[in-house]
Amino acid sequence: MDINAVVAALRRACPDRDIESRAAPVADTFVTLPPDCVPAAVALLIEQFDVYHLSTITGQDTGTEIELLYHFWGGSGLTLRTHLPREHPHIATMTDLIPIADFYEREVWEMLGVEFDGHPNLRPLLLPDDWDAEPPLRQRPTPAASQTSGDGGGRGDEEVQEEDQ
């Protein structure tokens, strides 16, 4: 995957939005974009770059917001990062584009309480069906959690260069 071309295309897909990118260790690039740009970004990865492999969706409660990370692989890693409000977090489902997102979204819904708008089967995956408490990973947010970046730390401060198209 030509990561510079991908980043340039993502910026063209959401021209009026702030989209940041930076390289991370182990052949991965993190692209931070607004939640409403995630569906267009995923569609772009599939349609223009033949990137279909969604490895997983991870998330964390930073204490002030919910951070979601969509981890893709296409010869190298590309992680789409977005931030949701801690109160009533929601984002569009990706199940219509990538069916395996079903399981990942159900896990994030269960563990962090993120609603996936349009999800066809949002029901418990790991917790008992009668679970009647806060999502387990949101019970005790810590101030230290808001200081972590979720990208593996270490090197990776360099901005990915755009390719003019």
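1. Start with the largest pocket. Its volume is about 200 Å³. Keep in mind throughout that this is a predicted model. The pocket lining includes Trp-109, Glu-110 and Gly-113. Further along the chain, Pro-124, Leu-127, Pro-128, Asp-129 and Trp-131 are also among the lining residues. By character, the lining splits into seven nonpolar residues, three charged and one polar.

2. Now step back to the whole chain. There are three helices and seven strands. Their order along the sequence is α-β-β-α-β-β-β-β-α-β. Of the 165 residues, 45% are buried. Look at contacts between residues at least 6 apart in sequence: 58% of these join residues at least 24 apart.

3. Find strand S4, residues 65–73. S4 is mostly covered, with seven of its nine residues buried. On one side, S4 pairs with strand S3, residues 53–61. These two strands run antiparallel and are joined by eight bridges. S4 also pairs with strand S5, residues 77–85. That pairing is antiparallel too, with nine bridges.

4. Check the turns next. S3 and S4 make a hairpin, with three residues between the strands. In that turn, Gly-63 has a positive phi of about 100°. S4 and S5 also make a hairpin, again with three residues between them. Here the turn holds Gly-75, whose positive phi is about 95°.

5. His-71 is a good residue to click on. Where does His-71 sit? It is found in strand S4. Thr-56 stands opposite His-71, and so does Thr-79 in S5. Is His-71 buried or exposed? His-71 has a relative accessible area of 18%, and buried means under 20%, so His-71 counts as buried. Leaving out residues up to four places away in sequence, His-71 touches His-53, Leu-54, Ser-55, Thr-56, Thr-58, Leu-78 and Thr-79. Arg-81 is ten residues from His-71 in sequence, and their C-alpha atoms are 8.7 Å apart.

6. Compare Tyr-104, which is found in helix H3, residues 101–112. The relative accessible area of Tyr-104 is 17%, so the under 20% cut-off makes Tyr-104 buried. Which residues does Tyr-104 contact, leaving aside neighbours within four places in sequence? They are Leu-54, Ser-55, Thr-56 and Ile-57. Thr-58 lies 46 residues from Tyr-104 along the chain, yet their C-alpha atoms are separated by 7.9 Å.

7. Helix H2 covers residues 38–49. Its length can be checked by hand. At 1.5 Å a residue, these twelve residues should span 16 Å. The C-alpha atoms at the two ends are 15 Å apart, which agrees. Just after H2, Asp-50 takes a positive phi of about 50°.

8. Which residues of H2 are buried? They are Val-38, Ala-41, Val-42, Ala-43, Leu-44, Leu-45 and Ile-46. One rule helps when you look at such a list. An α-helix has 3.6 residues a turn, so residues three or four places apart point the same way. What covers the buried residues of H2? The cover includes helix H1 (3–13), S4, S5 and strand S6 (90–92).

Key. Residues numbered from 1 in each chain as written. Predicted model: local features only at pLDDT ≥ 70, side-chain atom pairs only at ≥ 80, totals over all residues. Heavy atoms only, no water. 1 Å grid on protein atoms, 1.4 Å probe; cavity = no way out; pocket = protein on both sides within 12 Å on 5 of 7 lines; lining within 4 Å. Points joined across faces, edges and corners; volume = space filled by probe spheres on them. Nonpolar A, V, L, I, M, F, W, Y, C, P; charged D, E, K, R; others polar. Buried < 20%, exposed > 50% of the residue type's maximum accessible area, 1.4 Å probe, protein only. Helix = DSSP H or I, 4+ residues; strand = E, 2+ residues; numbered from the N terminus. Pairing = 2+ DSSP bridges. Expected span 1.5 Å × (residues − 1). Contact = heavy atoms within 4.5 Å.
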